[in-house]
Amino acid sequence: MDMSGMHPAATGVDAAALVLRILLLSGTAVVAGLGLLRGSVRTTGRATVVVAAAAAVIAAAASLLSIPVQHVSVPVAVVHAVLVLALPILLRLPSPASYLGFALTVLLIVESGLGHSPVEFFAAAVASAAVVGWLGLAGYGLLLPAEQRPDGAPRLRYLAWALAAALVVAVAVQLFSTGIADRRLLSPLGAALLVLTLSIVAVVGAVLLLRQENPWRIYRFGAGAVAVAFVAFTVLPAIPRPGELPQPGVARLAHATVGEQDVPVLVTPHRPGPNLVHLPESAGDELTIDSGGRPVRAVSRPGTSGHWAQVDLPAGRSDLVLRSGAAEGSVEVDTGDAPGPADAAGPDGPECASAALAGIVAGQRDPLTGCPADSLQPQDAEALRALVGYVHRNGAPGITVIGDDSPRSRQATGVVRTAADAARLPVSGAPRSENALILVSGWTNAAEHLESVRQRPGGPPNYTYGAHLAPWLLHSPVTTAAASSAAPLRFDPRDYRSLEYGMAINEGFGGEPPSVAGLETWLAARGQRIEDPISVYAAAQVDVMQMDMPGMGGMKMPMHGSDPAGQWLPRGTVVPVSGPLTPD
């Protein structure tokens, strides 16, 4: 039965679903144990059948109630209920009962491990199998008179050791895979792991202290501890994992609860001194950030999404406090004592934050040592030279190149001018309506210039040969500042890996749009890189399109652009307008 709603990543798991899970799996474990070991006893008494029937009724009821509560598959829930109810009836037949007990054990292992990683599934499988065996032997040891129990005391003692060892292995794997051997042990998940560990210690103690006695005593005394351990294993998936501890220099991605709102928070570069705090659009525009000094309001920036606040963080551990009216929440930070990249909190800081966020979403935890605007990459220089050749072949009489003071932009301006001189194209730093525009600035300056072009249609600077963007400017808050633009790219924004990254970043941070710097970081974290030939892609907004409706008397129906997660230009389109290019 799919109980994936109890996965650790799930939030808002209700108490009813948790109780049903405990009753379902615990009842099934008891029934499976009694059935699996039925062949080892001479007969079963009334008490055994009553206990098996009671456990079966509990498990069956939980299985059927899971249909409306957990929306599980009806056939799966019904089959589970039928199997557990059938076992008490078959207890008087050793072979059928054993086979059905084995089938229920396999079913229990599968259901216990659903939603887990492979390592955690292994731990759940080992624990479930060991618990079934232990509870089965404990049940017969408690419910049958001594003369009806199976012979072979030494073998039972060895079996007790083997089952205890299996439980120790399962708990060790669970502790290792959880990976919170630090102060996060004080969390609810840490408390559950402590209960699990202590219960297994009690099981091992029963095996060691009673090893010279009647082995049935081992199973009776250890049954309670085994039951507690199994319940702890059962509830672990329902307990949210505590967030990652802050690491100095690694961009901090955390969540703050402000009132009843869950707010994702990104802090870069997470070093002493100036830092950028980024919040998604969904956080609203009423939040202020307090780092121990004067509170700073998070505001929007041209060419970026969401809201931003520049704050000064002290060295070492501290708290960022987010306030909205009377509500407040906090995020723990630990900046260490080493300086971070000088420009990470400057005008190009949002692009730097986008790249850092992509690394975190991809599972990377590397310290931030530099930002994209620190220098012009060779592949971007080649793309700009190819773009100049493309503009020249399209007949543009000249180029207007606009940049800013960042090292990358200054180097890019030099590349464009050199390529234009080689093509004998005049270059200007001032807007000229007859020219082709090439923007090589950062996000904010580019968005502001494109907005100025858009607000003055028909007059300067309305570039006759179009607006062209450096590769790093393909970012929807920049491109939507113009009705249309073009950029030289080494990847197709419509292909699978581009959209997969877009969806991952959208889900990882409240609707964050993709960026080229983020895509490069995300691919690098997965051992990949952008190596496609350079082509020019045109980005255009398509808010409303007209579609002819056959048979409707020429009526035209408006079709609005879509806004699906992961798209590089929501409510728009990005398509190639050239074949592969090489610099002239």
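**Figure 1. The open sheet β5-β4-β7-β8.** In this predicted model, four strands come together as an open sheet whose order is β5-β4-β7-β8, and their pairing is antiparallel. The edges are taken by β5 (296-297) and β8 (327-334), each of which has a single partner strand, so one side of each is left without a neighbour in the sheet. Within this sheet, strand β4 (residues 288-290) and strand β7 (residues 317-324) run antiparallel and are joined by three bridges. For orientation in the close-up, T288 can be found opposite R323 in β7.

**Figure 2. A salt bridge between β4 and β7.** Side chains of opposite charge can pair when their charged atoms come close. The view is centred on D290 and R323, which form a salt bridge in which the closest N and O atoms are 3.1 Å apart. This pair links distant parts of the chain, since D290 belongs to strand β4 and R323 to strand β7, 33 residues apart. The structure as a whole holds eleven salt bridges.

**Figure 3. The open sheet β1-β2-β3-β6 and the helix across it.** A sheet of four strands, also open and with antiparallel pairing, follows the order β1-β2-β3-β6. Its edge strands are β1 (252-258) and β6 (307-313), each pairing on one side only, and the twist from one strand to the next averages 30°. Strand β3 (residues 273-279) runs antiparallel to β6, and seven bridges join the two; L279 stands opposite H307 of β6. Helix α9 (residues 349-361) lies across β1, β2 (261-268), β3 and β6, and the helix runs at about 110° to β2.

**Figure 4. The loop between β2 and β3.** This close-up turns to backbone geometry at neighbouring positions of the chain. T268 and P269 are joined by a cis peptide bond, with omega at about 0°, and P269 has its place in the loop between β2 and β3. H270, which is also placed in the loop between β2 and β3, has a positive phi of about 65° although it is not a glycine.

**Figure 5. Strand pairing around β14.** Strand β14 (residues 535-541) pairs with β13 in the antiparallel sense, over six bridges, and in this pairing A539 of β14 is the bridge partner of S485. β14 also pairs with β17 in the antiparallel sense, here over five bridges, and A538 stands opposite V575 in β17.

**Figure 6. An aromatic pair between two loops.** Three aromatic pairs are present in the structure. One of them is formed by F491 and W568, a tilted pair with 5.2 Å from centre to centre and 50° between the planes. F491 lies in the loop between β13 (484-489) and α14 (496-508), while W568 lies in the loop between β16 (556-560) and β17 (572-576), so the pair ties together parts that are 77 residues apart in sequence.

**Figure 7. A nonpolar patch on the surface.** The residues L64, V74, V78 and V82 form a nonpolar patch on the surface, and together they have about 310 Å² of accessible area. Helix α3 (residues 74-90) gives the largest share of this patch, namely three residues; one of the patch residues found in helix α3 is V82.

Conventions
Residues are numbered from 1 along each chain as its sequence is written. This is a predicted model: local features need pLDDT of at least 70, side-chain atom pairs count only at pLDDT 80 or more; totals for chains, interfaces and linings use all residues. Side-chain values use heavy atoms; hydrogens and water are left out. Two strands pair if DSSP finds at least two bridges between them. Axes are lines fitted to C-alpha atoms, for helices over the stretch in contact, and angles run from 0 to 180 degrees between N-to-C directions. Contact means heavy atoms within 4.5 Å. Patches are made of residues with over 30% relative accessible area and no salt bridge: like charges are joined within 9 Å, nonpolar side chains (Val, Leu, Ile, Met, Phe, Trp, Tyr) within 5 Å. Accessible areas come from the Shrake-Rupley method with a 1.4 Å probe; for residues, only the protein chains shown count as cover. A salt bridge is a side-chain nitrogen of Lys or Arg within 4 Å of a carboxyl oxygen of Asp or Glu. Rings of Phe, Tyr and Trp (its six-membered ring) pair if their centres lie within 6.5 Å; planes under 30 degrees apart count as stacked, over 60 as edge-to-face and the rest as tilted.
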